[in-house]
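Here is a quick tour of one model, taken a few residues at a time. Have the sequence and the 3D view open as you read.

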Amino acid sequence: MVDIDFEFKDYIVSSVEEDGLEELNNWIKINNSEDHTCYSLDSQMFYRRFLEYYVTENEFFLELYKNNELVGVFKGRLELENKKELFIWLFIIKKELRNEGYGSEIVEGVIEYFMRLYTIDTIKVGVVQNNLEGISFWNSKGFKVERMTKDFFQDEEENGRNLVIMQRQ
């Protein structure tokens, strides 16, 4: 786990802690209209995912607050061995703040933090292929499709969905 705590503009960014996981999972369910099965799970599974992040070196799971209100969640990992890489697995912004510039502001603030602290060489993001809005958002931030992993996500019916890996050019 990479322990993170910083501020930029009017945002407070900190690592997710164990207390409040149920509320966070509910927040994700409400604000992740694209695909609940990829990120939001039943409470026990969500707790397992939290533990995986908590005990895994170089993973981060962030809550972003503005005016004492949760406005975003950011999850990913750092690869710092050979090539310094930031990989973003999840970014969800509060529904009411979408298409208002807040998402761009948050992404740039978080990326700038990692670039400054870890001198990142490469930034990648993973997006579910059917999340066209997400792909468009990352594309507008300078990310281009690098490759696709077939059937990366499996749902209850064992239907596979592809993961699109995008890299900032």
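## Lys150 on strand β7

Lys150 is out in the open: in this predicted model, its relative accessibility comes to 63%. Anything over 50% counts as exposed, so Lys150 falls in that class. You'll find Lys150 in strand β7, which covers residues 143–154.

Follow the chain on from there and you get to Leu163, 13 residues away from Lys150 in sequence. In space, the C-alpha atoms of Lys150 and Leu163 are 6.5 Å apart.

## Asn162 on strand β8

Strand β8 takes in residues 160–168, and Asn162 is part of it. Is Asn162 buried or exposed? With a relative accessible area of 13%, Asn162 is buried, because the cut-off for that label is under 20%.

The Asn162 side chain has a polar partner, too: it makes a polar contact with the side chain of Gln129, at 2.6 Å.

## Val110 and its neighbours

Now go to helix α4, residues 102–118, and look for Val110. Its relative accessible area is 0%, so Val110 is buried.

Which residues does Val110 touch, once those up to four places away in sequence are set aside? The list reads Phe6, Phe8, Leu62, Leu64 and Phe74. Take Leu62 from that list: Leu62 and Val110 are 48 residues apart along the chain, yet their C-alpha atoms are 9.7 Å apart in space.

## Helices α1 and α3

Two packed helices are described by the angle between their axes and the distance between the axes. Here the pair is α1 (residues 21–31) and α3 (residues 43–55), with axes that come within 10 Å and cross at roughly 105 degrees. That crossing angle makes α1 roughly perpendicular to α3, since 65 to 115 degrees is the range for that label.

Who makes the contact? From α1 it's Leu21, Glu22, Leu24, Asn25 and Ile28, and from α3 it's Ser43, Phe46, Tyr47 and Phe50. Sorted by type, the residues in this contact come out as six nonpolar, two polar and one charged.

## Two asparagines with positive phi

Asn58 isn't a glycine, but its phi is positive, at about 75 degrees. Asn58 lies in the loop between α3 and β3, the latter being residues 59–66. At 21% relative accessibility, Asn58 counts as partly exposed; the buried class stops under 20%.

Asn68 is another non-glycine residue with a positive phi, near 60 degrees. It's in the loop between β3 and β4 (69–79). How accessible is Asn68? Its relative accessibility is 75%, so Asn68 counts as exposed.

## The whole chain

Step back and the protein chain has five helices and eight strands. Reading along the sequence, you meet them in the order β-β-α-α-α-β-β-β-α-β-α-β-β.

The chain is 169 residues in length, and 47% of them count as buried. The exposed area of the protein chain is about 9,400 Å², with carbon and sulfur atoms supplying 45% of that. As for contacts, take those between residues at least 6 apart in sequence: 57% of them join residues at least 24 apart.

Note on methods
Residues numbered from 1 in each chain as written. Predicted model: local features only at pLDDT ≥ 70, side-chain atom pairs only at ≥ 80, totals over all residues. Heavy atoms only, no water. Axes fitted to C-alpha atoms, helices over the stretch in contact; angles between N-to-C directions. Helix = DSSP H or I, 4+ residues; strand = E, 2+ residues; numbered from the N terminus. Parallel < 35°, antiparallel > 145°, perpendicular 65-115°, else oblique. Contact = heavy atoms within 4.5 Å. Nonpolar A, V, L, I, M, F, W, Y, C, P; charged D, E, K, R; others polar. Buried < 20%, exposed > 50% of the residue type's maximum accessible area, 1.4 Å probe, protein only. Areas by Shrake-Rupley, 256 points an atom, 1.4 Å probe, with all protein chains shown as cover. Polar contact = N/O pair within 3.5 Å; in protein donor to acceptor, adjacent residues only side chain to side chain.
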